[in-house]
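Please open the structure in your viewer and keep the sequence beside it, so that each stop on this tour can be selected in turn.

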Amino acid sequence: MCQHGVTGHRTAQTRSIARSSPPSERNPTRHATRSAAAARPAVVRPALEFQTTALCCACLDTTLALIAQCDVPDLGVCLDVFHYYTGPSKFEDLAYLTRENLAWVQVCDLSGTPRELAGDADRILPGDGDF
């Protein structure tokens, strides 16, 4: 049920390991742990990306709590500024980020669209928008 991306890095390349969990998956902690284990042989750093529309992991603090429950040392969060800005995450949630749990930062901008109505197609280059 947890819809998240697992992103890894190998020599400055990013590749997707898993896009979303199957509908039958009822345990997001188990799924995230399995995804991290699948990334290990590829020598990539797995990262859960919270998404505004996800049933689970829709905000930064929930995603960080899930990562802590997994107890996988190399599992981190992908902080997508778009989902942070358009979703339920709060400014105070940024204080929970550490060197150990922040794996990736995905940056984009948004202009002329209310954040509550913004979708992926509204993303623009950093510096060309409102944040």
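**A tour in four stops**

Begin by selecting Thr-86, which, when residues up to four places away in sequence are set aside, touches Thr-52, Leu-110, Arg-115 and Ala-118. Bear in mind throughout that this is a predicted model. Thr-86 lies in helix 3, which spans residues 81–86, and with a relative accessibility of 13% Thr-86 counts as buried, because buried means under 20%. Show the side chains next: that of Thr-86 makes a polar contact of 3.2 Å with the side chain of Thr-52, and the side chain of Thr-86 also reaches the backbone oxygen of Phe-82, at 2.9 Å.

Now turn to the largest pocket, whose volume is about 180 Å³. To find this pocket, select Thr-52, Thr-53, Phe-82, His-83 and Ala-118, which are the closest to its centre among the 12 residues that line it. Which kinds of residue make up the lining of the largest pocket? Two are nonpolar, six are polar and four are charged.

The third stop is helix 2, residues 60–70, where you can colour Leu-60, Thr-63, Leu-64, Leu-66, Ile-67 and Cys-70, the buried residues. Look along the axis and you will see why they share a side of helix 2: they cover an arc of only 160 degrees around that axis. An α-helix has 3.6 residues a turn, so residues three or four places apart point the same way. On the other side of helix 2, select Ala-68 and Gln-69, which are exposed. If you then bring back the surroundings, the elements that cover the buried residues of helix 2 include helix 1 (28–39), strand 3 and strand 4.

For the last stop, select two residues in the loops that flank helix 2, beginning with Cys-57, in the loop between strand 3 (47–49) and helix 2. Most residues other than glycine have a negative phi. Cys-57, however, has a positive phi, near 65 degrees, and at 2% relative accessibility Cys-57 counts as buried. Then move to Asp-71, which follows helix 2 and whose phi is also positive, near 55 degrees. Asp-71 sits in the loop between helix 2 and strand 4, residues 76–80. Is Asp-71 buried or exposed? Its relative accessibility is 66%, and Asp-71 therefore counts as exposed, since the cut-off for that word is over 50%.

Notes. Residues are numbered from 1 along each chain as its sequence is written. This is a predicted model: local features need pLDDT of at least 70, side-chain atom pairs count only at pLDDT 80 or more; totals for chains, interfaces and linings use all residues. Side-chain values use heavy atoms; hydrogens and water are left out. Helices (H or I, at least four residues) and strands (E, at least two) are DSSP runs, numbered from the N terminus. Buried means under 20% relative accessible area, exposed over 50%, partly exposed in between (1.4 Å probe, protein chains only). A polar contact is a pair of N or O atoms within 3.5 Å; within protein, one must be able to donate a hydrogen and the other to accept it, and residues adjacent in sequence count only if both atoms are side-chain atoms. Contact means heavy atoms within 4.5 Å. On a 1 Å grid over the protein atoms alone, a cavity is a set of points where a 1.4 Å probe fits but cannot get out, and a pocket is an open set with protein on both sides within 12 Å along at least five of seven lines; lining residues have an atom within 4 Å of a point. Grid points are joined across faces, edges and corners, and a volume is the space filled by probe spheres set on the points. Ala, Val, Leu, Ile, Met, Phe, Trp, Tyr, Cys and Pro count as nonpolar, Asp, Glu, Lys and Arg as charged, and the others, Gly among them, as polar. The arc is that of the directions from the helix axis to the C-beta atoms.
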